[in-house]
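Student: I have a new structure in front of me and no idea how to read it. Could you walk me through some of its features?

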Amino acid sequence: MPTRGLLGRSRELKALRADIERAGLDTLSGRKSPRSRVLLIAGRPGCGRTALAEELLRTLSGTYPDGVFRARLSGPDGTPVPTGDVARGLLTALGAAVPAGSDDDEPAEALRAELAARRAVLLLDDAPGADHVEPLLPDAPDCLVVVVSEGPLTGIPDVRPCTLGGLDGAAAVALLARFAGPVRITVDPRSADSVIEECGGQPAALVLAGGWLAARPKASVSDLRTALRAVEIPDELPLGERPLYRAFHLAHDGLPPSTARTLRLLSLAPPGLVDAHTTSALAGCTVETAKATLADLAALGLLHREADEADDGASSPGTATGPRHRLPGCLAVRAAELLRTHERPAEVQLARARMLERTVRLLQSCRGSGEPPGSPAWERAEALPFALRFPSRAAAAAWLHRRRAALLDAARLAVSDGELDTLDRRLIATLVRALMAHEGPTAAAGDLYALHELVLEVAERRGLGREKAAALLNLADLDGGAGRTEAALTRYRGALEAARSAGDAVATGRALESLGGTYSELGDWQRAADWYGRALELRLSRGETADAARLHGRIGGAHGRAGRWPEALKEWRAAARTSRRLGDLAGQARATAEVARVQERAGRPEEALRTSLEALHTARGAGEAGLEAGLQLRIADLLDGLGDPAAARLHRAAGEQLLQDHPK
């Protein structure tokens with residue numbers, strides 16, 4: 001599609017600019033509103049409402065130095081996107097911390113707080129209504145929110161809509177001339193006016209009509225008018241939707257069969273974003289053929305080229321990079337309708353499976369690029385075809401960041417399908433590993449929570465006990481990390497039940513230990529010791545001695561925190577004995593040092609001194625310089641307390657020397 005600026009809409013742009021400069025008042029207090037100014041651009045899909053919003057933002061680029069941030073509040077099929085998902089996406093774009101899990105309120109609140117100190121613009125496209133917009137409005141009068149919607153935003157104060165209809169005659173003629181050239185329009189102005197009338201002056205319909213003319217240099221504008229009128233319109237179709245229906249079906253029916261089929265299949269791509277790899281998988285063609293098809297569809301106005309902040313690079317053949325296009329939502333709906341009538345369900349299912357399988361392989365390549373050279377994941381990525389590999393770690397990370405929303409949508413699509421349960425689990429697992437490799441557990445926590453919830457949905461639907469236990473454990477870990485302790489406890493108990501039902505001893509042990517750890521964080525030392533004790537019984541029954549030694553220590557620590565010195569001594573001594581049987585001198589030294597600590601806290605300094613000397617000897621044998629230094633300093637403190645300052649000075653000097661020789 002030729003892009004030489006927005007045609008027409010000068011009156012609307014002037015009104016929007018005036019509305020920004022108008023002093024907004026709180027209708028109750030009469031003072032300046034504490035919230036952001038909200039502009040509404042309303043109109044039917046296809047009227048150019050998003051293009052007008054983008055042109056407005058272009059003219060404001062220097063007024064809001066903290067940037068422009070965009071979000072779509074509806075999917076291509078019109079389904080509202082959950083507010084929490086929108087807020088998490090915007091927080092990611094802002095480079096802010098994303099709350100993991102919880103309901104929609106917490107991420108929306110975090111977004112408002114993040115924008116409070118900024119002077120930025122928020123573009124909320126395809127808003128289904130005020131209920132989906134209001135939670136995202138920042139309490140920042142220096143920010144601007146531009147909402148694109150079909151209807152009003154009833155309930156949000158101080159919003160004056162800019163309602164769009166068709167283009168004026170001059171702008172509509174100029175838009176047709178961009179595609180067909182001025183000669184054909186000039187020699188037949190009456191037919192041009194008729195075409196504009198058939199298109200209702202809607203920019204989307206005019207673009208498709210102009211693309212039809214551009215592809216047929218010998219066709220006249222009169223031929224275009226006749227072809228448009230020949231498209232049959234369903235009687236039940238609303239009048240406002242008929243112009244775009246006619247133009248889209250005319251454009252589709254004029255495509256070569258393979259290109260038309262590809263266009264229909266592109267409606268399967270979430271969220272309407274496509275690149276050469278996605279197109280190749282959906283259509284079952286080569287990547288080069290897919291690139292050519294995308295270029296053809298874009299030239300006809302059926303696709304819009306996405307302007308990424310840092311384009312992946314169209315001139316990098318043989319790598320998993322390249323530009324992406326968007327199938328506009330107003331066209332995606334029509335393409336999906338044709339897909340249902342032209343393609344057999346089995347073919348649609350196969351195309352979706354190919355797309356998801358290609359996504360899995362790209363994620364494998366992305367993850368491998370983030371791992372150290374020579375690692376198993378890196379080697380698997382190197383074994384992939386050249387067309388699926390990334391040229392560098394930075395390119396893989398950038399691809400993952402820009403495709404984040406589409407990848408999460410692909411995971412949701414796979415889960416909702418119901419027939420792709422094996423493929424969806426592979427997709428989610430690979431996406432989790434790629435996020436961990438490039439972003440780490442903290443930065444990716446919000447996305448990881450959503451992915452583990454999808455795994456839980458699949459596991460519950462198919463009765464997969466092991467997968468359910470694993471998903472609940474992962475979600476509980478994220479809940480605990482976010483401070484939602486009660487939610488974590490509930491999930492850990494659910495994981496324990498699922499793991500026991502499935503006979504998964506590993507998950508059972510992890511759930512038992514996690515319950516002990518959560519109660520420790522709550523300071524409920526009795527319950528913590530009890531759950532750790534149950535985990536210890538399981539480890540001992542399975543002969544897992546190393547884990548048993550660790551759990552003896554955790555039980556001893558819980559008893560010590562509660563001041564139950566005899567119980568704490570018993571467990572720490574058991575930990576030391578178990579470590580000695582394993583030949584783990586370092587573990588034995590640490591456990592013995594804890595025995596000495598408990599003795600000291602119990603008011604038995606002489607015993608604590610003897611035990612500390614024993615631990616010092618063991619630590620020296622294990623070559624644990626850091627532990628040895630700590631023990632030397634503790635022995636010095638004990639000797640000071642027992643009235644032997646000379647010996648204390650010797651041990652303190654030895655400990656300080658060790659710290660100098662072996663800094664952390």
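Tutor: Happy to. Let's begin with the labels: helices (H or I, at least four residues) and strands (E, at least two) are DSSP runs, numbered from the N terminus. With that, aspartate 139 can be placed in the loop between α5 (130-133) and β4 (144-149). Keep in mind that this is a predicted model.

Student: How exposed is aspartate 139?

Tutor: The general idea is a pair of cut-offs: buried means under 20% relative accessible area, exposed over 50%, and partly exposed is in between. Aspartate 139 has a relative accessible area of 45%, so it is partly exposed.

Student: And how far apart are aspartate 139 and methionine 355 in space?

Tutor: They are 41 Å apart, C-alpha to C-alpha, with their places 216 residues apart in sequence. Try another pair: valine 333 and leucine 472 are 139 residues apart along the chain and 36 Å apart in space, again C-alpha to C-alpha. Valine 333 sits in helix α15, and it counts as partly exposed because its relative accessibility is 33%.

Student: Where is glutamate 150, and what does it touch?

Tutor: Look in the loop between β4 and β5 (161-163). Not counting residues up to four places away in sequence, glutamate 150 touches Ala42, Gly43, Arg44, Pro45, Arg49 and Ala127. Its relative accessibility is 47%, so it counts as partly exposed. From glycine 370, glutamate 150 is 220 residues away in sequence and 43 Å away in space, C-alpha to C-alpha.

Student: Now helices. How do I describe two that pack together?

Tutor: Two packed helices are described by the angle between their axes and the distance between the axes. Here, take helix α3 (residues 83-94) and helix α4 (residues 105-116): their axes come within 8 Å and cross at roughly 35°. The crossing of α3 and α4 is left-handed.

Student: Which residues make that contact?

Tutor: On the α3 side you have Thr83, Gly84, Ala87, Arg88, Leu90, Leu91 and Leu94, and α4 brings Pro107, Ala108, Ala110, Leu111, Glu114 and Leu115. Sorted by class, the contact of α3 with α4 has 9 nonpolar, 2 polar and 2 charged residues.

Student: What about a helix with buried residues? Which residues of α12 are buried?

Tutor: Helix α12 (residues 257-265) has Thr259, Ala260, Thr262, Leu263, Arg264 and Leu265 buried. What covers them includes α11 (242-253), α13 (276-283), α14 (287-299), α15 and α16. Zoom in on threonine 262: its relative accessible area is 8%, so it is buried. Leaving aside neighbours within four places in sequence, threonine 262 is in contact with Thr279, Ala283 and Thr293.

Student: What should I look for in the backbone?

Tutor: Start with the usual picture: most residues other than glycine have a negative phi, and most peptide bonds are trans. Now for some cases that go the other way. Arginine 9 is not a glycine, yet it has a positive phi of about 65°. You'll find arginine 9 in the segment before α1 (10-21), and it counts as buried because its relative accessibility is 5%.

Student: Where does aspartate 126 lie, and what is its phi?

Tutor: Aspartate 126 is in strand β3 (residues 121-127). Its phi is positive, about 50°, although aspartate 126 is not a glycine. The relative accessible area of aspartate 126 is 19%, so it is buried.

Student: And which residues does a cis peptide bond join?

Tutor: Proline 270 and proline 271, with omega at about -20°. Proline 271 is in the loop between α12 and β6 (273-275).

Student: Is arginine 344 buried or exposed?

Tutor: Exposed, because its relative accessibility is 56%. Arginine 344 lies in the loop between α15 (329-342) and α16 (345-369). Its side chain makes a polar contact with the side chain of glutamate 347, at 2.8 Å.

Student: Last one: what does the UniProt record say about residues 509-542?

Tutor: The unreviewed UniProt entry annotates residues 509-542 as "repeat: TPR". In the model, that stretch is 88% helix and 0% strand, and its end C-alpha atoms are 11 Å apart.

Definitions and conventions:
Residues are numbered from 1 along each chain as its sequence is written. This is a predicted model: local features need pLDDT of at least 70, side-chain atom pairs count only at pLDDT 80 or more; totals for chains, interfaces and linings use all residues. Side-chain values use heavy atoms; hydrogens and water are left out. Buried means under 20% relative accessible area, exposed over 50%, partly exposed in between (1.4 Å probe, protein chains only). A polar contact is a pair of N or O atoms within 3.5 Å; within protein, one must be able to donate a hydrogen and the other to accept it, and residues adjacent in sequence count only if both atoms are side-chain atoms. Axes are lines fitted to C-alpha atoms, for helices over the stretch in contact, and angles run from 0 to 180 degrees between N-to-C directions. A crossing is left-handed if the near helix is turned anticlockwise from the far one by less than a right angle, and right-handed if clockwise. Contact means heavy atoms within 4.5 Å. Ala, Val, Leu, Ile, Met, Phe, Trp, Tyr, Cys and Pro count as nonpolar, Asp, Glu, Lys and Arg as charged, and the others, Gly among them, as polar. UniProt positions are given in the numbering used here, feature names are shortened, and annotations may be inferred rather than shown by experiment.
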